[in-house]
Amino acid sequence: MSTWTEEMEQLQASFDLTFPFDRTSVELQLQGGGVEVLNVLVAQTAEQKARGMTGRTFEQGEDGMLFVERQDSNIAFHMNGVPKALLIAWFDADGEYIDSRIMPSASPWQFFSPRPFRYAIEFPVAMAREELEEFQLKLGASKLVLGDPS
C-alpha cells in the first residue's frame, strides 16, 4: 500500500512542468510602507488558469503564480494535484487588496474571494512561514503593482 506522499510524488511526476507560462515580477506595497517583490508565473488563458500550480513545487525558480482576469470575476480556485499548501491573495482592478486564504495541499474544497477580483496571487505557505512577521505584512498588503512580463 502506498502512502499519501508516494501518491503525490507519482501524481507530480505525471505532469508536464514545461507547460508554457509567461513570467513577471509583481510588487506588493505593504501597509507599513515597504515593498515585497515576487517573481511569478502568469496565468492569463483559460488553459493556463485551469493548469495553475498543478504538479508544481516552486522548485523551478518562481515565488508563485499570478492569475489575471480580463474583467471582475468570482471564479473558484482548487488544489487538485497541488503538492504544497498555498496562500491565495485576491486584488481588485485597481490592485487593492481584498482578502486571502490558506489552501491545504490536495484539498477537495473550492476557494472563493469574498467579492469580485481581477488578480489573484498564489504562493507557498512554507515560504511565508519562514518569516511569519513578513508573511503577516504580505497579508496586509495594501496594493498590487504589476511589472512587465519577461
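**Exercise 1. Which residue forms a salt bridge with K49, and how far apart are the closest N and O atoms?**

Before we start, note that this is a predicted model.

Step 1. Look for the partner of K49: the salt bridge is formed with E69, and the closest N and O atoms are 3.2 Å apart.

Step 2. Place both ends. K49 belongs to helix α2 and E69 to strand β3, so the pair ties together parts 20 residues apart in sequence.

Step 3. Check the surroundings of E69. Its relative accessible area is 11%, and the cut-off for buried is under 20%, so E69 counts as buried.

**Exercise 2. Find how many salt bridges the structure holds, and follow two others.**

Step 1. The count is four salt bridges in the structure.

Step 2. Take R23 and E62, whose side chains meet in a salt bridge at 3.7 Å, N to O. This pair links distant parts of the chain: R23 sits in strand β1 (residues 22–30), while E62 sits in the loop between α2 and β3, 39 residues apart.

Step 3. Compare how the two ends are covered. R23 is partly exposed, at 33% relative accessibility, whereas E62 is buried, with a relative accessible area of 4%.

Step 4. Now turn to R101 and D99, where the side chains meet in a salt bridge at 2.6 Å, N to O. Here R101 is partly exposed at 37% relative accessibility, and D99 is buried with a relative accessible area of 18%.

Step 5. One general idea helps with these pairs: side chains of opposite charge can pair when their charged atoms come close.

**Exercise 3. Describe the setting of strand β3 and name its pairing partners.**

Step 1. Start with burial. Strand β3 covers residues 64–73, and seven of its 10 residues are buried, so the strand is largely enclosed by the rest of the structure.

Step 2. Look at β2 (residues 35–43): this strand pairs with β3 in the parallel sense, over four bridges. Within β2 and β3 you can locate V40 standing opposite G64 of β3.

Step 3. Look at β6 next. β3 and β6 pair in the antiparallel sense, over five bridges. S73 has F117 in β6 as its bridge partner.

**Exercise 4. Is G55 buried or exposed, and where is it found?**

Step 1. Find G55 in the loop between α2 (46–51) and β3.

Step 2. Read off the accessibility: G55 has a relative accessible area of 0%, and is therefore buried.

Step 3. Relate sequence to space. G55 and V82 lie 27 residues apart in sequence, yet their C-alpha atoms are 5.3 Å apart.

**Exercise 5. Work out the surroundings of S113.**

Step 1. S113 lies in the loop that runs between β5 (97–103) and β6 (117–124).

Step 2. With a relative accessible area of 11%, S113 is buried.

Step 3. Follow the side chain of S113, which reaches the backbone oxygen of R115 at 2.6 Å.

Step 4. Leaving aside residues up to four places away in sequence, S113 touches W90 and I98.

**Exercise 6. Step back and describe the whole chain.**

Step 1. Count the elements: the protein chain has four helices and seven strands. From the N terminus on, their order is α-β-β-α-β-β-β-β-α-α-β.

Step 2. Consider burial and surface. Of the 150 residues, 42% are buried. The accessible surface comes to about 8,100 Å², and 49% of this belongs to carbon and sulfur atoms.

Step 3. Finish with contacts. Among contacts with a separation of 6 or more, 67% are between residues 24 or more positions apart.

How values were computed
Residues are numbered from 1 along each chain as its sequence is written. This is a predicted model: local features need pLDDT of at least 70, side-chain atom pairs count only at pLDDT 80 or more; totals for chains, interfaces and linings use all residues. Side-chain values use heavy atoms; hydrogens and water are left out. Helices (H or I, at least four residues) and strands (E, at least two) are DSSP runs, numbered from the N terminus. Buried means under 20% relative accessible area, exposed over 50%, partly exposed in between (1.4 Å probe, protein chains only). A polar contact is a pair of N or O atoms within 3.5 Å; within protein, one must be able to donate a hydrogen and the other to accept it, and residues adjacent in sequence count only if both atoms are side-chain atoms. Contact means heavy atoms within 4.5 Å. Two strands pair if DSSP finds at least two bridges between them. Accessible areas come from the Shrake-Rupley method with a 1.4 Å probe; for residues, only the protein chains shown count as cover.
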